[in-house]
Amino acid sequence: MSEEAHWLRERLEELERIERPSASDGERRAAEWLVAQLAELGAEARIEAEDAHGTYWWPQGLGAALGAAGAVLALRGRRFLGALLGIAGAAGIANDFPPRQRRLRRLLPRRTTYNVHCELGDPAAERTIVFIAHHDAPHSGIVFHPKPAQIADRLGLIEKNNTSPPLMWPVLGGPLLSALGAISGRRPLARLGLLFSGGSIAAMANIGASETVPGANDNGSAVIALLALARRFAAEPPEGVRVVLLSTGSEESFSEGIKAWGERHFPELPRESTFFLCLESIGSPHLLVLRGEGFLKMYEYPARSLDFMDNLAEEMGVELVPNLRIRAGTDGLESLAAGYETAVLCSCDDLKQASNYHWPTDVAANIEYGTLERAIDISQEAVRRLGHRWL
């Protein structure tokens, strides 16, 4: 292990010891830890407190509960009210997925989330590069058990597919089936809606009751990468660009931190001269640049951003896993939806998923530090090149 890898691991082990669910006191302590670490490296950072709800299982579970209630009413002959509840549940669930407005959670209790914002480079530069990580960690849950992916691999399904399975589709499907059953009067559809909605409620309750994982890969690896970039930029300051190192809170509650950060900062960042590079789970064996992502709709990343990252990696001799997409969402979705050139640098294992995803084994000892260092190298080189020539 290289000297830098030892340095990275020491700090990652410190971070993973902080239990830091979204919008919690632990998340605040992680933000304060990051600000202190940046200060030791000579980089001034600040914490921006924002309003958030802090979960996704409550709004998703509430939408599923509306679907279940709609199915029960439909089966009892109250079809109009059943259809209304099913439609309301489906709409609430769909709108809660990033980068949408997440209206249903506005009815739920609110907490505070903590973003860390650090600026380096030339403050007067016209061009800006924003690196995004997140310092909150996810809850586990039985739906994240690694066994199904291993079974799928033995069946040959992993090799044939470059898009992750749509795990949230059944959650939305329950209320939709309930509504269709109520509208059509077809009782089997209503029963299916009740089955799917009940299963979703159980899954969301299990996630909410499960403990927060250490989050070394997801997404402590990217937080530590921000520290490494600050360390390198202290020795070799960026030229021709302003660099923002952003670590968000509440990413694991459907990207509430970056949404609040965007509402605060997007108006001051011109689209034609700002590039977002989201670093997400960069401690698995193989690096990749996401081609697209989205829980329901697949949002494709801009060809210009993808070409820049692909060419950069190729010139540096870094092999990327090609053509992967996920039916989920990273913080990169917010800047993409706002019209910015955006790329997401992440990593995967041989099963094409982030190692130890949302599982208690997501610890610093299981990080591939060679992959992490290559991700940092690419990030640093991206700044150097964009400082000399824009996209």
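**Burial and contacts in a predicted model**

User: Why is Phe295 called buried or exposed here?

Analyst: The relative accessible area of Phe295 is 9%, and buried means under 20% relative accessible area, exposed over 50% and partly exposed in between, with a 1.4 Å probe and protein chains only, so Phe295 is classed as buried. This is a predicted model, in which local features need pLDDT of at least 70 and side-chain atom pairs count only at pLDDT 80 or more, whereas totals for chains, interfaces and linings use all residues. Residues are numbered from 1 along each chain as its sequence is written, and side-chain values use heavy atoms, with hydrogens and water left out.

User: Where is Phe295 found, and which residues does Phe295 touch?

Analyst: Phe295 lies in the loop between strand S7 (292-293) and strand S8 (299-300), where strands (E, at least two residues) and helices (H or I, at least four) are DSSP runs numbered from the N terminus. Leaving aside residues up to four places away in sequence, Phe295 touches Phe97, Pro98, Met168, Trp169, Phe254, Arg327, Ala328 and Gly329, contact meaning heavy atoms within 4.5 Å.

User: What makes Arg103 count as partly exposed?

Analyst: Arg103, in the loop between helix H4 (79-96) and strand S2 (111-121), has a relative accessibility of 48%, which falls between the two cut-offs, and therefore Arg103 counts as partly exposed.

User: Why is helix H10 described as largely enclosed?

Analyst: Eight of the ten residues of H10 (residues 256-265) are buried, so the helix is largely enclosed by the rest of the structure. Among them are Trp261 and His265, and the buried residues of H10 pack against several elements, including strand S1 (45-52) and helix H12 (332-337).
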